[in-house]
Amino acid sequence: MSSMKRRTSLKVLCAAAAVMMAGGALADDPLKIGFVYVSPIGDAGWTYQHEQGRQAMQEALGAKVESKYIEDVPEGGESERVIRQFAADGYGLVFTTSFGYMNPTLKVAKRYPKVAFEHATGYKSAKNVGTYVARFYEGRYLAGIVAGGMTKTNVAGYVAAFPIPEVVRGINAFTQGMRSVNPDAEVKVIWTSSWFDPGRESEAADVLIAQGADVVTHHTDSTAVVQAAEEKGVWAVGYHSDMSSYGPKAQLTAVRHHWGDFYTKTAQQVLDGTWKSENVWGGIKEGMIDIAPLNEAVPEDLVKQMAAAEAGIRDGTLHPFQGPVKNQAGEIIIPEGEVMTDDQMVKMEYYVEGVQGNLPD
Amino acid sequence: MRIRIEPRAQPSRLMGWLSPLLAVVLTLVTGFLFSAFLGMNPVDAFHAFFVAPVDDLYGLGELGVKAAPLALIAVGLAIGFRSNVWNIGAEGQLTFGALVGGGVALWAYEMEGAWILPAMILAGALGGMAWASIPAFLRTRFNTNEILVSLMLNYVALLCLSYLVHGPWRDPEGFNFPESRLFSESAMLPVILEDTRLHAGALLALVAVGLGWVFVKKSFIGYQMQVAGLADTAARYAGFNRKRMIWMGLLIGGAAAGIAGLCEVAGPIGQLLPSVSPGYGYAAIIVAFVGRLHPVGILLASLLMSLLYLGGESAQMELGLPSAVTGVFQGVLLFYLLAADLFINFRIRGATPQGLRSPSKPAEASS
């Protein structure tokens, strides 16, 4: 009996000590935040935007946080060690910024229930794993409006990596945007089966241009498509980052990602102890997506049209997939007066009317 | 004084042992200069690179997790390399082994049974062998170059896997993302060290090292293959069957790589992904040569490569070095390791100018 009591009191003591230590840590030490990047940072692209976000967060929160990153971490089994290392080293918040980190993040999170994890673009979450992604399609729709107004051949080319819903959604939104101002516009797609392969992206852009596309865009990580457009003298829409330095004449605009506000807000929540696992899907309104400054060649009325659409998306009166939305066969998927739900968008596995070719399985 | 490099009459046994040490010392010196140049404390840098990654049990486990596939593949490759069979396709054989073995795991989804894992390992080995048999057949039948054929097949294997995980084998609950289902518990290799990721694949790698040693040192075919590697005409004169050796060299390499691939998907990964290897099949070629094509050397070399890789991550985390700098460190060590081997077959002589050399001609020297 007495030994049990002693054990209990020991436990209480330990718990008290732990609380004190934790409290002390909160008061004195900065919150350590880790970032796992899938590619080298470079000077444009997916990882570059995340690094911009990390720096913005670091600047906003100053000495309250201390952040580190590891770049070029392969997806799959390798990443688990890196993620775990952050958790084991006393990091309180870890951002894993690529889809392929999903299962490793969940595995590590199970072992470190006190650490908060945020995984980008995935679909699995847990008590201490939140997910975040941007409504890239909103930016795609706006860029589509600009492309639709500028094209003379009524054909746009789209270099895309993998036929996953996120990418297909971007193609469809771009097409919807184009056809909202130019009902004859069509979009041709070439798949590269790689997120980063400048050679193949450049070749794909050349093929699309040869097939009559006078606007090209891409859902891949390099700047190759914009550069190819600059060389061939056609228009381009950049993605992830503003790529105008790679195509000063060619770039009409770019769909930019901004993670800084989200990172700052999340870190502040962890600091305050109010963080909860959520599925964040932020768009134009939340500032996660925006449109880079338009090319000077874009005429005034098209600029106004785009700005009106942007305002509409911002205040919720316009949705890139508002009825009637038709699939390639011309069947109505979303009837007049309705908009597509998030659930429907998450599972988008078809092309809308105006996209040419078949979606690969 | 000039310096001359001249061949030794006999390879130096002493230098055989000393050259790796020399390489390490040179790397330390270069690393010291390099980190001083970057404004870092060299002691911190070396701690981050070589100590921090393995200063706990988990780190040691990770060392094994990375070294196991490297050792397994390199032991298999070395057997071919010793007989001048240049299999550069271990990456593809690994991928195909993972594909076939992982296919068994997906087929046995939610089944129970002790037979599942052995069946997967067997399937992995057969997958790797099947992929390696293509260059073997083309080489023995049409005398094609196995370097090119095996290398090119790496890309084909990757595309086969990519097709399957994008299409028929995609996780039905996975929102179209290119990944298979997670394997069931009975299709996963058991962890052999608690609280780490070290899995039974590490034991397979050790068994392979043992078998590789027996094959090279004790078996007749191993002896024949070595003779063929050292002196092809002598082997032919002795009537050794060259075709048989090519088949053996490629199939053994393929089986080892296939098992390594299966161990990756049934170990740390736990599902099929569009890419299942961070380049183990290529790194294993370096490991085989740094280990001098000897099974024990390969074991040590695989641990070294693994440590270099972990050190690179740890240096990024502790010192904030970009990943490119860690690549430089790794390259420097590998360069010195291979360069120091020069001293096994050559020696450096300080050669003084002719006139001053001989004390028997004092008159010339004074004139």
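## Contact between the chains

In this predicted model, the contact between the two chains draws on 26 residues of chain A and 20 residues of chain B. On the chain B side, the elements that supply two or more residues are the helices α10 (242–269) and α12 (295–319). By class, the side of chain B that touches chain A consists of eleven nonpolar, six polar and three charged residues.

For the complex, the predictor reports an ipTM of 0.77 and a pTM of 0.83.

## Chain B

Chain B contains 16 helices and two strands. Its C-alpha atoms fill a box of roughly 95 × 60 × 30 Å along the principal axes. Chain B has 367 residues, of which 45% count as buried. When contacts in chain B between residues at least 6 apart in sequence are considered, 77% join residues at least 24 apart.

The average pLDDT of chain B is 88, and 95% of the residues score at least 70. Residues 357–367 of chain B have a pLDDT under 50 throughout, and the model gives this stretch four contacts beyond four places in sequence.

## Confidence in chain A

Chain A averages a pLDDT of 90, with 92% of the residues at 70 or above. Residues 1–10 of chain A fall below 50, and this stretch has zero contacts in the model beyond near neighbours in sequence. For residues 12–27 of chain A the pLDDT also stays under 50, and the model has zero contacts beyond four places in sequence for them.

Where pLDDT is low, the predicted coordinates should not be read in detail.

## Domains of chain A

Chain A is divided into two domains: domain 1 covers 2–134, and domain 2 covers 136–256 together with 291–346. Their C-alpha centres lie 35 Å apart. Eight residues of domain 1 of chain A are in contact with nine residues of domain 2 of chain A.

On the domain 1 side of this contact, helix α2 (residues 46–61) of chain A gives the largest share, three residues. The side of domain 1 of chain A that touches domain 2 of chain A has four nonpolar and four polar residues, and no charged ones.

## Strand β5 of chain A and its partners

Strand β5 (residues 129–134) of chain A is mostly covered, with five of its six residues buried. Strand β4 (residues 116–120) of chain A runs parallel to β5(A) and is joined to β5(A) by four bridges. In this pairing, Ala120(A) stands opposite Tyr132(A) of β5(A).

Strand β5(A) also pairs with strand β11 (residues 279–282) of chain A, again in parallel and through four bridges. Here Val133(A) faces Trp281(A) of β11(A) as its opposite residue.

## The six-stranded sheet of chain A

Six strands of chain A form an open sheet with mixed pairing, in the order β7-β6-β8-β9-β10-β12. Its edge strands are β7 (186–191) and β12 (289–291) of chain A, each of which pairs on one side only. On average, and ignoring direction, neighbouring strands of this sheet are turned by 15° against each other.

Within the sheet, strand β8 (residues 215–219) of chain A and strand β9 (residues 235–240) of chain A run parallel and are joined by three bridges. Val216(A) stands opposite Ala236(A) of β9(A). Helix α5 (residues 136–150) of chain A lies across β6 (155–160), β8, β9, β10 (251–257) and β12 of chain A. The helix runs at about 175° to β10(A).

## Edge strand β7 of chain A

At one edge of the sheet, β7(A) runs parallel to β6(A), and six bridges join the two strands. Tyr158(A) has Val189(A) in β7(A) as its bridge partner.

In a regular strand the side chains alternate between the two faces of the sheet. Along β7(A), the side chains of Val187(A), Val189(A) and Trp191(A) point to one face, and these residues are buried. Glu186(A), Lys188(A) and Ile190(A) point to the other face and are not buried. Val189(A) therefore belongs to the buried face of the strand and is also the bridge partner of Tyr158(A).

Note on methods: Residues numbered from 1 in each chain as written. Chains lettered and ligands numbered in written order. Predicted model: local features only at pLDDT ≥ 70, side-chain atom pairs only at ≥ 80, totals over all residues. Contact = placed C-beta atoms within 7 Å. Nonpolar A, V, L, I, M, F, W, Y, C, P; charged D, E, K, R; others polar. Buried ≥ 20, exposed ≤ 12 C-beta atoms within 10 Å, placed from the backbone. Pairing = 2+ DSSP bridges. pLDDT = per-residue confidence, 0-100. Axes fitted to C-alpha atoms, helices over the stretch in contact; angles between N-to-C directions. Domains from an automatic or database assignment.
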